[in-house]
Amino acid sequence: MLLSATHLAKRFPNGVAALDDLSFSLTTGDFVSLLGPSGCGKSTALRLIAGLLAPDRGNVTYENGKPDIGFVFQEPTLMPWGDALANARLPLDLKKMPRAEADVAARAALARVGLAGFETAMPRELSGGMKMRVSIARALAAKPKILLLDEPFAALDEITRASLNEDLLRLWREHRERSKQKNESLTILFVTHSVAESCYLSERVLVLSPRPGRLTADIALPKQAERAPGFRLSPQFLDCQRAVSQALERAA
Ligand code: ADP
Ligand code: MG
């Protein structure tokens, strides 16, 4: 067990109850989606997990102390005045890592998201998909153990989105391969309102009810390693989507 969220509840000062009683846990190396309709409290849940927001009730506990967490927002939120390298380096600058060392780590993170050679590109010169890649590189630069992504690809066109889906899966698999030698597993919690995306990417889908969000289903999907090539067009993929869609309908 890597982290446990227990009975999380959050009501905002305006009276909106975003979450009522949300409990789930993650195991190291998981790729889990948090799926639910707009406004059900997904972003709130992610901010509670990251510690960016405090719950009214409940808590988030970590087995071995709170690890480094990378956060990817729906908008790339890049600094317009910094190039790709400076943007990817930001968390390391905040940690006061020496510049030369931080540059090496940020370059490596950019290379991992397919942006080698774009270090000096400014955000205005990058497409939406490339900006999101920089944003992911920034989240990875500090080598987090947990990556939280909040509908990161929702604003992208379908083709770009599919390509970023592949890259995210590849990144996660690379960590998994390396973790056989070293403890480098990456645990991903991916927020989405897309049934197809949750089924394609993750091995487990947590389904939330409409606001206030509660966990209404915890669905295990076939492991990535067990999926045949061409999974996206396979009957198995349709079966997964049917199971998840039905859970979502039952929650409504
Ligand atoms: P989701 O990410 O699933 O769309 P959110 O977690 O962003 O949902 O929001 C859940 C509910 O809480 C929504 O009704 C939203 O308007 C409300 N909400 C979110 N953040 C705040 C805030 N800072 N102040 C007041 N209400 C908020
Ligand atoms: Mg949201």
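The following exercises, each with a worked solution, concern a predicted model of one chain.

Residues are numbered from 1 along each chain as its sequence is written, chains are lettered from A and ligands numbered from 1 in the order in which they are written. In this predicted model local features need pLDDT of at least 70, side-chain atom pairs count only at pLDDT 80 or more, and totals for chains, interfaces and linings use all residues, while side-chain values use heavy atoms, with hydrogens and water left out.

**Exercise 1. Describe the overall build of the chain.**

Step 1. The chain holds 7 helices and 9 strands; helices (H or I, at least four residues) and strands (E, at least two) are DSSP runs, numbered from the N terminus.

Step 2. The radius of gyration, taken over C-alpha atoms, is 18 Å. The globule rule, 2.2 Å times the number of residues to the power 0.38, gives 18 Å for 252 residues, so the chain is as compact as a globular protein of that length.

Step 3. Along the principal axes, the C-alpha atoms fill a box of roughly 50 × 45 × 40 Å.

Step 4. Of the 252 residues, 52% count as buried; buried means under 20% relative accessible area, exposed over 50%, and partly exposed in between (1.4 Å probe, protein chains only).

**Exercise 2. Determine how many disulfides the model contains, and explain the result for C40.**

Step 1. A disulfide is a pair of cysteine sulfur atoms within 2.5 Å. By this rule the count is 0.

Step 2. For C40, the closest cysteine sulfur is in C199, 16 Å away, which is too far for a bond. C199 is likewise in no disulfide, its nearest cysteine sulfur being that of C240, at 5.3 Å.

Step 3. C40 is buried, with a relative accessible area of 0%, and C199 is buried, also with a value of 0%.

**Exercise 3. Characterise the largest cavity.**

Step 1. On a 1 Å grid over the protein atoms alone, a cavity is a set of points where a 1.4 Å probe fits but cannot get out, and a pocket is an open set with protein on both sides within 12 Å along at least five of seven lines; lining residues have an atom within 4 Å of a point. Grid points are joined across faces, edges and corners, and a volume is the space filled by probe spheres set on the points.

Step 2. The whole structure has 1 cavity of 30 Å³ or more, and the largest cavity holds about 40 Å³.

Step 3. Its lining consists of V113, R133, I136, F153, L164, D167, L168 and L171. Helix α5 gives the most, with 4 residues.

**Exercise 4. Place N87 in its surroundings.**

Step 1. N87 belongs to helix α2 and is buried, with a relative accessible area of 1%.

Step 2. Contact means heavy atoms within 4.5 Å. Leaving aside neighbours within four places in sequence, N87 is in contact with L78, M79, G82, P123, V134 and R138.

**Exercise 5. Identify the unusual backbone geometry at T77, E151 and P212.**

Step 1. Most residues other than glycine have a negative phi, and most peptide bonds are trans.

Step 2. T77, in the loop between β5 and α2, has a positive phi of about 45 degrees and is partly exposed at 44%.

Step 3. E151 has a positive phi of about 45 degrees; this residue lies in the loop between β6 and α5 and is buried at 11%.

Step 4. The peptide bond from R211 to P212 is cis, with omega near -10 degrees, and P212 is in the loop between β8 and β9.
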